[in-house]
Each structure stands twice: as structure tokens, then as C-alpha cells.
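The exercises below are to be worked with the sequence and the model open side by side. Each task is followed by a solution in steps.

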Amino acid sequence: FRLPALLGMFGGLLIASSVAAFVAANWEEMPRLMKLGLILVSIIAALALAARLEAKGSDLGSDAAATCGVLIFAAGVALVGQMYHLPTDWPGGALLIALGALAAAFLLRSDGALILAFVALTSWSVGRWLEQKGAPHLPFFLLYLPAFWLALGRRGRFVHHVAVLVLAAWLGLVPGDWINGRFDYGIAVSAVFVAVGALALDRGLPVLLTAFLPWGLLGLLVGVNIELIRILDDRESRAGSAMVSTYLGYAAAVPWTAVLALLARERRFAWPLAGALLLALAIPVVFWSGGVVKLPGKVTVASLVLLIAIGLVAAGAAGGNRRLTLAGSGQFG
């Protein structure tokens, strides 16, 4: 049973929060050096305990202690910044936390520390994105790629899904004005995720890559259904145009879909799925042409959505993949 591991992880979280609460409650009464010393001693004690537990073969206990140490370090970054009146730069603080969490994840093989590193990386990138008013934050990959490499060797599925979701979050910020929604770009990114995940599942590639499949399917269904709803609105049905990010998305989606169709071992599974992805990519093209303002264009989009659902169900049935079958059934709904 994993109950002892869960209790250990909860214990680590409670210890980290109690240290932060103790320091905060006695903030005014404690000398500055005492505050700094307490933070450092807590971090060292937690990481030393993690190393000892790992040496004794308690990987889960080591993970809990390392996660506790990283959380105390994160609280320490904020407290030290406040103590010494450092310039307000919370994305920079998130970067420091990410560096510390990555170090702990690498040295102690801690899944919890790696998850915290991914969360801190996302905070850092979002902060810089806001400062740059929607410009892509490319330095994100300087730390994301090492973190992704570490996640490839982990067995925890939660780590795999977090790694994929963090990448999806960064890609979602690329268009800049995400509030107004660019569903054509989202469909392209989702198609890439589905193709990568399906190919990894078919070819036996690293398990982390298979986590792209469920999130890609979710994004694909959301994007396609929004396009289906748009045909009912005369204003939304008007001819539009693609952004630069959309062209980049299609430049990745079309080749990856072709790779899935050509390199998959189980063709009965890959070809219907690749066909469904290509049909999904065709929906925005119909909108861009302006044909959806009239009834034939609306019927075309609805027909494409129906064919996508059929393709997903066929791929799921041929490959024995319940996620694809459920996605196709959900699309029918």
C-alpha cells in the first residue's frame, strides 16, 4: 500500500508550512541572523534526512524529506528578500526556487522536488511573459529541457503529466493575446500532442511521452467543439486569418501527423487517428476561407466534426485504446 508514502509526504508538507508559520509569527521578535540561520538549518536538516533515507533504501521517505526541504527553501527565498529589502521581482524569485528544486531533484532523485521545479519554472515564465506584454519567454527552455530530461527517467505518472502540462502552458502563451482565444492554434498544438503520444504508445518510446496523448485529446476536443459552436454565430462565422503562431503550429502538426501515419507499427490504429487529426486541422481552413457564413460551409464544418469522432472511435477500437474511444464517443455527444 502507498499509505505510508502519502502520510510521509503530507508530513513533509506540514513541517515545511509549520516552519514558515513559526518564522512569520515571531518575525518582529527574532534577530535577522537568527531568521536566516533557522531557514538554513531547516533546509540542511531536511536534505540531510532525505540523503540518509535514500541510503537506507526508503525512496519514498527520501522524496518526502527532499520536498519538505525545497518548500522551506522556497519560503526562505521570500523571507530573505523581505529581510534585506531586495527589489520586488517575483519571477526572479521563482527562478531561484526552480534552480534549487532542480538541484534537489537531480541529487536526491526526488519527484516532489521535480514537480516543484516545474511549477516554479511556470511561474518564472508567466512573470516574464507579463513583463514583456505577451512576448514568448524563450529562456524558459534553458531550465525546462534539463527538467524534462530528469522526468524522462522517473516512473511517477504525476511527474510525467506535470511535465507535459507545463509545456502546454508555455505553448498556450505563445499567441500573446490568449484571452481572445486562438482556437486554430490550439487545435494545431493539440494535434502535435496527440501524434507524439500515440506514436510513443505504438513504438514503446519513453513512458513520459505517452502523457501527451490524453492532454492532446482533451485540447483537441475542446478546440473542435468551440469551432462547432462558432458556426451558429454569424459574427464568429466571418472569414478570418491565421497568426504567425498558427502557421508555426501547423508547420509542426502536419509533419507529426504524417510521421504517425508512416512510422506506426499498427496501421489500423494510426491511420484513422491521423485522418482525424488532418480533418481537425482542416476546420480552421474552412473558417479562414469565409465559407462558414453560408449554410454549405456550416454543414462542412459539422460533417468534419462528425468524421473526426468516427476516426477517433475507429482508432480506439483498432488499437484497443480506451482514451481514443472515449474521446470519439464524447465528440458524438
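Buried residues make up 45% of the 333 residues in the chain. The model is a predicted one.

**Exercise 1. Describe the overall build of the chain: how many helices and strands are there, and what box do the C-alpha atoms fill?**

Step 1. The secondary structure amounts to 14 helices and 0 strands.

Step 2. Along the principal axes, the C-alpha atoms fill a box of roughly 75 × 45 × 30 Å.

Step 3. Of the contacts with a separation of 6 or more, 69% join residues 24 or more positions apart.

Step 4. The accessible surface is about 16900 Å², and carbon and sulfur atoms hold 72% of this surface.

Step 5. For the charges, count 23 positive and 16 negative side chains; the centres of the two sets are 7 Å apart.

**Exercise 2. Check the length of helix 13 against the expected span, then find what covers its buried residues.**

Step 1. Helix 13 runs over residues 295–319, which is 25 residues.

Step 2. The expected span is 1.5 Å times one less than the number of residues, so helix 13 should span 36 Å.

Step 3. The end C-alpha atoms of helix 13 are 36 Å apart, which agrees.

Step 4. The buried residues of helix 13 include K298, V301, L304, I308 and L312.

Step 5. Among the elements covering the buried residues of helix 13 are helix 10 (212–230), helix 12 (267–289) and helix 14 (322–332).

Step 6. Just past the end of helix 13, G320 has a positive phi of about 65°.

**Exercise 3. Repeat the length check for helix 10, and decide whether I229 is buried or exposed.**

Step 1. Helix 10 has 19 residues, and its first and last C-alpha atoms are 27 Å apart, close to the 27 Å expected.

Step 2. Buried positions in helix 10 include F212, L217, L221, E227 and R230.

Step 3. I229 also belongs to helix 10. Its relative accessible area is 58%, and the cut-off for exposed is over 50%, so I229 is exposed.

**Exercise 4. Which residues have the most contacts inside the largest nonpolar core, and which helix gives the most to this core?**

Step 1. The largest nonpolar core has 78 residues, and L114, F118, Y144, F212, L260, L273 and L312 have the most contacts inside it.

Step 2. Helix 8 (residues 183–203) gives the most to this core, with 13 residues.

Step 3. Take Y144 as an example: beyond four places in sequence, it is in contact with F118, L121, A163, V166 and L167.

Step 4. Another core lies apart from this one; it has 8 residues, among them V19, V23, I72 and L79.

Step 5. S42, in helix 2 (residues 32–55), touches V19 and I72. At 13% relative accessibility, under the 20% cut-off, S42 is buried.

**Exercise 5. Where do R109 and K133 lie, and is each buried or exposed?**

Step 1. R109 is in the loop between helix 4 (90–108) and helix 5 (111–131), whereas K133 is in the loop between helix 5 and helix 6 (140–152).

Step 2. R109 has a positive phi of about 50° although it is not a glycine; K133, also not a glycine, has a positive phi of about 55°.

Step 3. With a relative accessible area of 52%, R109 is exposed. K133 is exposed at 77%.

Step 4. From K133 to I229, the separation is 96 residues in sequence and 30 Å between C-alpha atoms.

Key: Residues numbered from 1 in each chain as written. Predicted model: local features only at pLDDT ≥ 70, side-chain atom pairs only at ≥ 80, totals over all residues. Heavy atoms only, no water. Helix = DSSP H or I, 4+ residues; strand = E, 2+ residues; numbered from the N terminus. Buried < 20%, exposed > 50% of the residue type's maximum accessible area, 1.4 Å probe, protein only. Contact = heavy atoms within 4.5 Å. Areas by Shrake-Rupley, 256 points an atom, 1.4 Å probe, with all protein chains shown as cover. Lys, Arg positive; Asp, Glu negative; His and termini not counted. Charge placed at Lys NZ, Arg CZ, Asp CG, Glu CD. Core = buried A, V, L, I, M, F, W, Y, C linked by side-chain atoms within 4.5 Å.
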